[in-house]
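This report walks through selected strands, helices and single residues of one model. Please keep the structure open while reading.

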Amino acid sequence: MRKVYFKTLVFLVLTTVLAIGTPGGSAVAENTKTLNLALIWHQHQPLYRDASTGSYKLPWVRVHAVQEYYDSPAITNDFENIRVTYNLVPSLIQQIRDYAKITEAEAAKGGIYKYIGATDTHLRLALKPAAELTRAEKDKISEEFFWLNGYMLDDDSDDPYYSARYAALKEITAERQLTEQEITDLSALFFLWQITPTLHEKYGLKDLRGKNHYDHDNIIEIFRAQKKICANLLDQYREARKGDSEIITSPYYHPILPLLMSDGWSEVEKEVWRQDTLAQLETAKDLYKEVFGETPSGLWPPEQAVGQNMVGPVVNSGFDWFVSDEGVLADSIGSTPGVKELTEPYRVTGKSGNAYLFFRQSDLSNKISFSYGNKPTSWAVEDFMNELRQILKEMEHPENKLLTVAMDGENWMFMAGYPNNGRRFLKELYRRLSEASWVKTTTPGAFIATRQESATEIEELATGSWAGDLSTWKGEPEENRAWNWLVEAKRKSEEGSVDQEAKEAIYAAEGSDWFWWYGTDKDSGNDEVFDSLFKTHLINAYRESGVKEDAIPRKLYVDKAPPVSKSLGEVKVKLDGRTSTPDDWKGSAHFEASDNKYFSGFSLGYGANNLFVRVNTKVKATSLIGEDLSFNLYFSGNSAANAVTRYGGRPLGFGLSQVVSLHMEDVEKDGSWNVFRYVSDGKGGWKFASSIANLSRRKAKAGKLIEFKFPYETIGIEPEENFTFRMTLEQRNAGKQLAASPAKPVITKIPKPISGEKVFSATDPKGDDYGPGTYTYPKAPVFKHEGLFDLRKYEIYDSGDKWIFTFDFGAMTNPWAAPLGFSHQLINLYLDTEEGGRTETYKKGARVRFDPESPWDYFIKIAGWPGYGREFVTAGGQERKIEVTSNLEKKKVVAAVPKSLLPEVSGNHYLLVMSQDGYGKDHLRAVLEEATKWQGGGSKAPSVSANVYDYLAPSNQQKEILSSYDRAKEQNPVLQPFPVDPND
């Protein structure tokens, strides 16, 4: 299913009062008090509108306004006893109102504005009669006009709105091009099914469902209906407020508040933007009051990102409460919170007052966001209710306590696989909650209003978000470059008199979404559009500030092409212009060139402190000496960037900060020469930037082919730092570009070398990634590589002030673009190096126990996502972040732990390998009896057997030890440790 780009987060706040039950009773007894449940739905869209054109570059506000944004409150309003909280981000409200109203100026323009108050890419395509569409436009419609949750394509009882014609058109597009009539049919059905079917009859559209053919008038009719729905949409939320539901807000353009209030970080120098923070909060309140007639009580910090530095502005703006994540609570109190800590209401204080703060419990949250969608609805709702009962069992004296469960389900209604676009699940959930005598839905505002007891003070609120730290929005080179562009534009816009439109453009550019999609840790499928939107806001800020067009940085006009991620391997070559041995370039990455008569492509690899390049010429390279030919390897960087290549004047799909060039007309007759570096001035010019000091390290040799090298430092990169590149062949005298390689930009990094003295090494049998002997991988194609969970080697290095742990695997891939370079492996390493410790796992997901004679003292959790894959934990629950890297080419994961955290490694180790699942319990993928697309199989006792594929067992006893569970006693297997003695 096509991914849709806005975030719907659901936040449940549960206030529970436990029953006075019979002794030993496990169920909720008749004399229970009430469990107060508050659901908060966070609804958000970034600003897709280009202020300079008035057009929307993405249609998601309109698409979801006429279905999910309507269905959610409409279903709530059907249940008299359900009270919920909705967060409506102001930028979303602004855009909904834009679609809903046709201004006089728009009416005068005509066209699409005859029918709806805003225009976007899909509206413009559908407005055009099929006979007038270009071939490219028809192909775009054939691809993008299925960008919906396909519930209307499912002919089953779970999805009652099957559209046979829409399903048939989808099959046709896979076989041939659509006819003009079919293009019209597809356009009509695409816009019809964007609208929730519960409104089809009300707006006179129900009869359109069963038609086989449509005309352009039908499309216009649907346009008009979408406008009316947008115009009436906010009334659904006003109606919910009348029923004692609560509406809250977020900062206007959804910025990361702790980053606005930060004075910068590595590679980004900025001031604390307190006035911007206050402006985003105050304008949010102003719009809220305009729409709902009152000021909001609650605040949803974007991405649940908080920190002590944002408390003051939030309190100053008059908010009574806000919400964040369980991980932030752990960092704030210095230990992992249990039910007792998570149910505690907290208070944070700024200079002018204080506010309530609630933290979410993540496991149940992720069930609704990501797990329940592919389960039977009745089972999913029953599981949810049972989870609530279990929470009640664990609570003592929960009067005036608050349990927060936040469901961060991006587009959960239509992205998590729920039947009927989530409507069935939501109705069944509300029905069960309404019927449960021990549950009463409420809102955080109502809870605060009736609360008598004081809240627990948090003296220093840790900085973090629902994703863990803030690395999703800063830190990667591409993210830092974007922040620096914003800093530069903000400073320029504030010179002289400040224009309000320029301010608004800057505020829009501060939104979290642009930085979310930058870097390698996230991929929207449309990253280039989000990049364009961000740059558009910055360009508008310059223009509204009076900056002349030619003075606006050229890098903002670069059209980004989605880069291809590629791993570089280590090479050991002799620069002689020929391949001396078959293994010379074995570890390198190879790239094909576009059609030309000079070269077929090039290879790139790394060695000690150098990058090595081989250009595969189609003719003997020495025959090109003296020709007007320049091989140019362009790189990204943190400095100014040009939009086009140096000689050919062509864009390459990323900002060109520097280039390393080999000019064939300068090469000596014997084929020897050097490569030279030039840096961009950001205005189209290039400056010579090579140092004579490293001339000998920038050697080139032309023979049968071309080989050259240059130091990392030449282009200013460090190991583990992402950079983008692409090669061209240009004529510097003729000013032409003859070829480029590869077809798209490539993003990569040089792995960090392992340093230190090896003090321990152990091998694990090949092919034993079967747990107790029966486990199989999930069936999805991304798991097809044998050895993904097959540990081959475990080593420890003493690197002075750090311990370096390395883990080698049979296979390693990164299909989900994990920031740390590997997608599948979840490594749990428990160390017994001191007296005392724990015999149960830190969290329950692995389903194993440890030898009572060797309890663990330290736990290291490693995965490809920094938010949860860099954990170092003490037996007492103290959590810290460590450094994790990987080398995809060598199939190796590396973790570095300071000796200040882990003084010794001598002792007993438990090393477990599991399948990573960012949305699973404890971030692991469970093993079931039968394998499914996303779950492993082969377990004979899924309730008690380990979710472990490989285990470094003593004496190779993995099968026996992992089979030692007791199903009758519901006991997990007890693991035996592996002895580690660095002095042995």
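Two strands count as paired if DSSP finds at least two bridges between them. The model discussed here is predicted.

**A hairpin and its neighbour**

Strand β30 (residues 791-798) and strand β31 (residues 802-809) pair in the antiparallel sense. Seven bridges hold the count for this pair. One bridge sets I796 against F805 of β31. The two strands β30 and β31 form a hairpin, with three residues between them. G800 lies in that turn and has a positive phi of about 80 degrees.

β30 has a further partner. Strand β29 (residues 757-763) pairs with β30 over six bridges, again in the antiparallel sense. Here E757 of β29 stands opposite D798 in β30.

**A covered strand**

Is strand β20 buried or exposed? Strand β20 (residues 630-635) is mostly covered, with six of its six residues buried. Both of its faces are covered. S630, N632 and Y634 are buried on one side. F631, L633 and F635 are buried on the other.

β20 pairs with strand β21 (residues 658-663) through six bridges, and the two run antiparallel. S630 has H663 of β21 as its bridge partner. β20 also pairs with strand β27 (residues 723-731), over six bridges and in the antiparallel sense. In that pairing F635 is matched with F725 of β27.

**An open sheet**

Which strands make up the open sheet, and in what order? Six strands form it, in the order β17-β18-β19-β26-β25-β22. The pairing is antiparallel. The edge strands are β17 (589-592) and β22 (672-674), and each pairs on one side only. From one strand to the next, the twist averages 20 degrees.

Within this order, strand β19 (residues 610-617) is joined to strand β26 (residues 706-711) by six bridges. These two strands run antiparallel. N610 of β19 stands opposite P711 in β26.

As background, strands of a sheet pair through backbone hydrogen bonds, either parallel or antiparallel.

The strand pairs described so far are listed below.

| Strand pair | Bridges | Sense | Matched residues |
|---|---|---|---|
| β30 and β31 | seven bridges | antiparallel | I796 and F805 |
| β29 and β30 | six bridges | antiparallel | E757 and D798 |
| β20 and β21 | six bridges | antiparallel | S630 and H663 |
| β20 and β27 | six bridges | antiparallel | F635 and F725 |
| β19 and β26 | six bridges | antiparallel | N610 and P711 |

**Two helices in contact**

Helix α16 (residues 377-394) packs against helix α18 (residues 423-435) at an angle of about 40 degrees. Their axes are 9 Å apart. Why are the two helices called oblique? Angles under 35 degrees would count as roughly parallel, and 65 to 115 as roughly perpendicular. The angle of about 40 degrees falls in neither range, and α16 and α18 are therefore oblique to each other. α16 passes α18 in a right-handed crossing.

From α16, the contact is made by T377, A380, V381, E382, F384, M385, L388 and R389. From α18, R424, F425, E428, L429, R432 and L433 take part. By class, this contact has eight nonpolar, one polar and five charged residues.

**Single residues**

F370 sits in helix α15 (residues 362-371). Its relative accessibility is 22%, so F370 counts as partly exposed. The cut-off for buried is under 20%. Between F370 and R224 there are 34 Å in space, C-alpha to C-alpha, and the two are 146 residues apart in sequence.

Two residues other than glycine have a positive phi. The phi of H254 is near 65 degrees, and that of E970 is near 55 degrees. H254 lies in the loop between β6 (246-248) and α10 (257-260). E970 lies in the loop between α24 (958-962) and β41 (974-975). How do they stand on burial? H254 counts as buried, at 1% relative accessibility. E970 is exposed, with a relative accessible area of 65%.

One cis peptide bond closes this account. It runs from S741 to P742, with omega near -5 degrees. P742 is found in strand β28 (residues 736-748).

Terms used: Residues are numbered from 1 along each chain as its sequence is written. This is a predicted model: local features need pLDDT of at least 70, side-chain atom pairs count only at pLDDT 80 or more; totals for chains, interfaces and linings use all residues. Side-chain values use heavy atoms; hydrogens and water are left out. Axes are lines fitted to C-alpha atoms, for helices over the stretch in contact, and angles run from 0 to 180 degrees between N-to-C directions. Helices (H or I, at least four residues) and strands (E, at least two) are DSSP runs, numbered from the N terminus. Angles under 35 degrees count as roughly parallel, over 145 as roughly antiparallel, 65 to 115 as roughly perpendicular and the rest as oblique. A crossing is left-handed if the near helix is turned anticlockwise from the far one by less than a right angle, and right-handed if clockwise. Contact means heavy atoms within 4.5 Å. Ala, Val, Leu, Ile, Met, Phe, Trp, Tyr, Cys and Pro count as nonpolar, Asp, Glu, Lys and Arg as charged, and the others, Gly among them, as polar. Buried means under 20% relative accessible area, exposed over 50%, partly exposed in between (1.4 Å probe, protein chains only).
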